[in-house]
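Open your viewer, switch on the cartoon, and keep the selection tool handy. We will go from stop to stop, and at each one you will hear what to select and what is there.

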Amino acid sequence: MSVSVRFRQAGSWLRSPNVAIGGAITVAFVAIALVSLVWTPYAAEAQNIPARLRPPDAVHWLGTDGLGRDILSMLMVGARTSIAVAFVAVSIAALIGVPIGLWAASRQGTLLDEVLMRANDLVFAFPALLIAILITAVFGPGAINAIIAVGIYTVPVFARLTRAGAIALWPREFILAARVSGKGAVRISLEHILPNILNTLVVQATIQFALGILAEAALAYVGLGVQPPMPSWGKMLADSQMLVSVAPHAALAPGITIFLMVLGVNLLGDGLRDALDPRTGS
């Protein structure tokens, strides 16, 4: 079944509750991140010690943190940081992992295929946090190194998924016809294999994006991600953990924000998976 047929079968995907709810949440956070480029209620890094630990009110809708910074403004800028890190990391991982998977599948059973897959297994053996520690030990903490750490750990995911999907297609009749017509492995992979597994890769990208949000927050929480004064949801959680008993809003705001963002992206991914999977009969 061609990819165009699959997408036509998914014409009712907008009616999916998961897509509708997840898409609305995701779009809302992306919109907030874009708005933060030009406007926030207060400067995200502006400190106001007399107003520290102020509870939510009409002046500061989500209250202030231990340094008197407006939490809503910090969350808006933090959305920009988290989304950018996760998006860039997943995009780079897909651009590297998908060609590796296509290449390995076209050389299935050869030494090249074995070497590529064992290299993927080697990367999987190191958690993203450990990779981040190794990178930051050499280059220092920061957003760029967080992107590199998340991206390196995500490359094998796309490589293995692409290889599995491609291997299932190589014996198909339309691939054999393309080979008989004189097309090479690279052309077949790009013109016939990739379009037919693209829906699976799109769904996986949404899943990895949600994991990228969590990874960025975790790295920032332990001080390996975005560095002050740039706000980050994970850093906000780390800074507020000692204030839970006196200012619970300072921890609840970033915690709930991370939860909602990840929930929205996961719902969107689940909805897209159901809509783009021809086996659902949609």
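Helices (H or I, at least four residues) and strands (E, at least two) are DSSP runs, numbered from the N terminus. With that in hand, the place of V88 can be given as helix α3, which covers residues 71-106. Before going further, note that this is a predicted model, in which local features need pLDDT of at least 70 and side-chain atom pairs count only at pLDDT 80 or more, while totals for chains, interfaces and linings use all residues. Residues are numbered from 1 along each chain as its sequence is written, and side-chain values use heavy atoms, with hydrogens and water left out.

**The whole chain**

Select the protein chain and zoom out. Its elements are 10 helices and zero strands. Along the principal axes, its C-alpha atoms fill a box of roughly 75 × 45 × 30 Å. Now show the surface: the accessible area (Shrake-Rupley method, 1.4 Å probe; for residues, only the protein chains shown count as cover) is about 14000 Å², and 71% of that belongs to carbon and sulfur atoms.

For burial, use relative accessible area: under 20% is buried, over 50% exposed, and partly exposed lies in between (1.4 Å probe, protein chains only). Of the 282 residues in the chain, 45% count as buried. A contact means heavy atoms within 4.5 Å. Among contacts with a separation of 6 or more, 69% are between residues 24 or more positions apart.

**Helix α3 and the loop after it**

Go back to V88. Is V88 buried or partly exposed? V88 is partly exposed, because its relative accessibility is 32%. Add G151 to the selection: the C-alpha atoms of V88 and G151 are separated by 8.1 Å, although their positions lie 63 residues apart along the chain.

Next, pick A104, also in helix α3. A104 counts as buried because its relative accessibility is 0%. Leaving out residues up to four places away in sequence, A104 touches D113, L116, M117 and R163. For a long ruler, draw a C-alpha to C-alpha distance from A104 to L263: the two are 34 Å apart in space and 159 residues apart in sequence.

Step on to R107, in the loop between α3 and α4. At 34% relative accessibility, R107 is partly exposed. Beyond the residues up to four places away, R107 touches L112, D113 and A185. The C-alpha atoms of R107 and A185 are separated by 8.9 Å, with their positions 78 residues apart along the chain.

**D113 and its partner**

Both of the last two stops listed D113 as a contact, so select D113 now. D113 sits in helix α4 (residues 111-124), and D113 is buried because its relative accessible area is 4%. Which side chain does D113 meet in a polar contact? The partner is R163, at 2.8 Å from side chain to side chain. A polar contact here is a pair of N or O atoms within 3.5 Å; within protein, one must be able to donate a hydrogen and the other to accept it, and residues adjacent in sequence count only if both atoms are side-chain atoms. Neighbours within four places aside, D113 is in contact with A104, R107, Q108 and R163.

**An aromatic pair**

Show F29 and W233 as sticks. Rings of Phe, Tyr and Trp (its six-membered ring) pair if their centres lie within 6.5 Å; planes under 30 degrees apart count as stacked, over 60 as edge-to-face and the rest as tilted. By this rule the count is one aromatic pair. F29 and W233 form it edge-to-face, with 6.0 Å from centre to centre and 65° between the planes. This pair links distant parts of the chain, F29 being in helix α2 and W233 in helix α9, 204 residues apart. Both residues are buried.

**Helix α8 and two backbone stops**

Select T206 in helix α8. T206 is buried because its relative accessible area is 12%. Its side chain reaches the backbone oxygen of V203 at 2.5 Å. Apart from neighbours within four places in sequence, T206 is in contact with V265, G269 and L272.

Then move to P229, in the loop between α8 (185-221) and α9 (233-240). Here a cis peptide bond joins P228 and P229, with omega at about 5°.

Finish at L53, in the loop between α2 (17-35) and α3. L53 is not a glycine, yet has a positive phi of about 60°.
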